[in-house]
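Grab a pencil and work through these exercises with the model open beside you. Each one sets a task and then walks through a solution.

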Amino acid sequence: MSTQPLPCLHFDIDGMHCAACSARIERVLGRRDDVERVSVNLATRRARVSPREGIDAQKFGAGIVEAVAALGFTATPAADDDPAALFATAQAKELADLATRKRRLIPMACLVFPLLLLSMGHMLGLRLPAVLDPHTSPRAFMLAQLALTLPVVWLGRHFYRDGASALARKSPTMDSLVALGTGAAFLYSLCGTLLGLVAADPTPHAMNLYYESCAMLLTMIELGQMLEATAKRRAGEAMSALLRLTPPTALKLDPASPDLPPQEISLSSVVPGDILLLRPGERAPVDGEVLDGKSAVDFSLLTGESVPVAVGPGHKLPAGCLNGEGSLTLRTEAVGSDTRLAHIVRLVREAQGSKAPIARLADRVSFHFVPAVMALALFSALAWLVCSDEPVSTALTVFVAVLVMACPCAMGLATPMSILVGTGRGAQLGVLIRNGAALEQTSRINALAVDKTGTLTTGRPALTDIDVLDGMDEKSLLTLACALETRSEHPLAAAIVRAGREQNLPSCPVEDVVISPGLGIAGRVLLDQTPHTVALGNAAFMAERGIALSPQQSARLESLAKAGQTPLLLALGQGAAGHPAAIFSLADSLRPESASVVSRLQRMGMEVVMLTGDNEHTARAVAGEMRLHVAAGLLPEEKAAYVRRLQDQGKIVGMVGDGINDAPALAAAHVGMAVGTGVDVSAEAGDIVLMRGGMEAVLTALALSRATMRNIRQNLLWAFGYNILGLPVAAGLLHAFGGPMLSPMLAGTAMALSSFSVVSNALRLRFWSPEK
């Protein structure tokens, strides 16, 4: 259900390597008395913390930084002023991290390859030089392996440093598992080497070393983390594509010297009010209003709308839209972080940093996972040591294999990576999903309440006819109606205003305006120095003002409604002295795709209901083509009541509306979908913002949420299944029944690739399309 989000502070967290890290931070911060809500996202490495009411924000932020530092991590308050700068900083940090990993990985791989040949070559039939052969020169054989392993351990020292630090704080992480497993293999081998150097017969010691397991594990885990980091960078490509829409420079015109050529200036130098030239084929650098020129503008990367839109003087253009073949002159209205594009990016960042309720199980398991794995490794090793005739090396193999097989990262990344990619793909398609909870709830919707105007219909009704009922001429009646409707934002009002402007009607002073939502508007209009009390609205509005209708007028209203028209009555005067003076007929045509999309939704098992303030006849004329359930003549609060009745029937209800008159219903629904006009997005409008109207955007939101949740379930199935099946095998279950023992190297390789598999599966959402 749509709710107002708590104010929250954002922190960038450095030092997190696995789900155990994020779960630990979230658990500790959540227990603080001054914290109302906390969410730590492993994929974005960001924490969102909401303080309790009345808490001083500055002291609260400092306390959070100290609490995170006490856990061994670094928390930095994150500013949200400039999304482009924040994204660039994050990208630079990711590139630096990748470069560091590559610098470690290349020499590690170069050392591991000869180490494998040296330690296992004789098993493959390779002949080693006599000076390195374990049978003829066992001491040289051991020392050569130690010499190749030490640099690998040194290059992978961050595993030991971070893992030991976490163990010391009694909050072990995946690094702790790696450090214990590889450390045990290395120390066992080192002790064997030292004993072999002083033994009379060093050959048995030389044949019982695990240097290659230690070095190979460190190298494979480093490789897995590098592949995971590379895949994560690709997950942010949707955000990157949005940020690249804004050009770095703009062409500024001097209004005082129109003959001078435009001056190219840095975008950072542009301020509201500047006049800019937008040439053909260029992207708008700012939000602005067209002052001069005509062109067809492409909004596809912002709204998903594939057809260019014709624009001219008076039209608003958002930063990032692509100009067609005409030149346009713009007056700058917003720049940089104040543009609508920046607002879209902030919404996407918020969504990508949120969690879905489905992630709670993985978070709970991750918190206890590492200690449980350490206990399992110790128990399994002791069981093999005490209860079997196997040598000590078998117990060591089991201990190392269990530790390095476990992968809490896959569980921690299963949900946030899918949300990260899915919400980014949604932004590219014109669907802004505000948080993970909304995404999950949307996938479960089985009843959809839809406002008529702008969603099922084009949202641009046009004035088709005027029936004059008294002696005033048609032009004067339209002038009165147009003057009054300039004070309203209703789509029907806009249609009347457009009709007046097309006839170049004069503007008139208006006062004492009263608006009754869902009914009409009234006020005093001064026409030709004569004041007129004017009311414009439906029949219920006339009845409310005490203005009676004749049977013929009522019959005319009914016939227009049956024909799919929206009739509006214009009355002069008030109460018994008032009388209807004209009937304005307006029509809003059905969107061409509405019928087919509604049919597809119904085939998906969705109950679709049209809610409208229009009368029954008009509503049924529109809905008849689509076989919809209809609830007509509803006021805003009645729409909300209808939504609650659907919920009382056990349905998961989504509401699609314009975010203004439909605000109560949007708030009452499990998921509110607010239809934006172009990219004019309101952060408070709903759980999901549809940046272009029509049912196709609704279908995209529903289908994308289902695809994302399906992807999350696949990831969780893999993450849990891998650990549930892999850990018993690593503990020697197969070997106990005569099967093979799992090599620590294979266990480590599987662990290293498990997270990469989860991230790669999430990346498939980048290519999701509504057609699929």
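**Exercise 1. Find the partner of Glu-333 in a salt bridge and say how exposed both residues are.**

Step 1. Start with Glu-333 itself: at 35% relative accessibility, Glu-333 counts as partly exposed. The scale calls a residue buried under 20% relative accessible area, exposed over 50%, and partly exposed in between, with a 1.4 Å probe and protein chains only.

Step 2. Now look for the partner. Glu-333 forms a salt bridge with Lys-316, and their closest N and O atoms are 2.7 Å apart. A salt bridge here is a side-chain nitrogen of Lys or Arg within 4 Å of a carboxyl oxygen of Asp or Glu.

Step 3. Place the two on the chain. Glu-333 is in strand β12 (residues 328-334) and Lys-316 in strand β11, 17 residues apart, so this pair links distant parts of the chain. Helices (H or I, at least four residues) and strands (E, at least two) are DSSP runs, numbered from the N terminus.

Step 4. Check Lys-316: at 43% relative accessibility, Lys-316 is partly exposed.

A word on the model before you go on: it is predicted, so local features need pLDDT of at least 70 and side-chain atom pairs count only at pLDDT 80 or more, while totals for chains, interfaces and linings use all residues. Residues are numbered from 1 along each chain as its sequence is written, and side-chain values use heavy atoms, leaving out hydrogens and water.

**Exercise 2. Work out which parts of the chain the salt bridge of Lys-651 ties together.**

Step 1. Lys-651 forms a salt bridge with Glu-607, with the closest N and O atoms 3.2 Å apart.

Step 2. Lys-651 lies in the loop between α23 (636-648) and β23 (653-657), and Glu-607 lies in strand β21, so the pair ties together parts that are 44 residues apart in sequence.

Step 3. Lys-651 is partly exposed at 21% relative accessibility, and Glu-607 is partly exposed at 23%.

Step 4. For the wider count, the structure holds 19 salt bridges. Asp-97, Arg-101, Arg-104 and Glu-222 are joined into one network by salt bridges that share partners.

**Exercise 3. Trace the open sheet of six strands and find its edges.**

Step 1. Write down the order: β6-β5-β7-β12-β8-β11, with antiparallel pairing. Two strands pair if DSSP finds at least two bridges between them.

Step 2. The edge strands are β6 and β11 (316-317), as each pairs on one side only.

Step 3. Walk in from β6. Strand β5 (residues 249-253) pairs with strand β6 (residues 263-266) over four antiparallel bridges, and Thr-249 stands opposite Ser-266. β5 also pairs with strand β7 (residues 275-278), antiparallel over three bridges, where Leu-251 stands opposite Leu-277.

Step 4. Finish at the other edge. Strand β8 (residues 287-292) and β11 run antiparallel and are joined by two bridges, with Gly-288 opposite Leu-317.

**Exercise 4. Look for positive phi values around strands β16 and β17.**

Step 1. Strand β16 (residues 510-516) and strand β17 (residues 520-527) pair antiparallel over five bridges. Val-510 stands opposite Val-525 in β17.

Step 2. Their hairpin has three residues between the strands, and Gly-518 takes a positive phi near 80° there.

Step 3. Now try residues other than glycine. Asp-512, in strand β16, has a positive phi near 55° and is exposed, with a relative accessible area of 54%.

Step 4. Gln-529 has a positive phi of about 65°. Gln-529 sits in the loop between β17 and β18 (530-537) and is exposed at 69%.

**Exercise 5. Decide how the buried residues of helix α22 are arranged.**

Step 1. List the buried residues of α22 (residues 616-623): Thr-618, Ala-619, Val-622 and Ala-623.

Step 2. Look down the axis of α22: these residues fall within an arc of 125°, so they line one face of the helix. The arc is that of the directions from the helix axis to the C-beta atoms.

Step 3. Find what that face meets. The buried residues pack against α16 (452-456), α20 (551-562), β19 (566-572), β21 (607-611) and β22 (629-631). Contact means heavy atoms within 4.5 Å.
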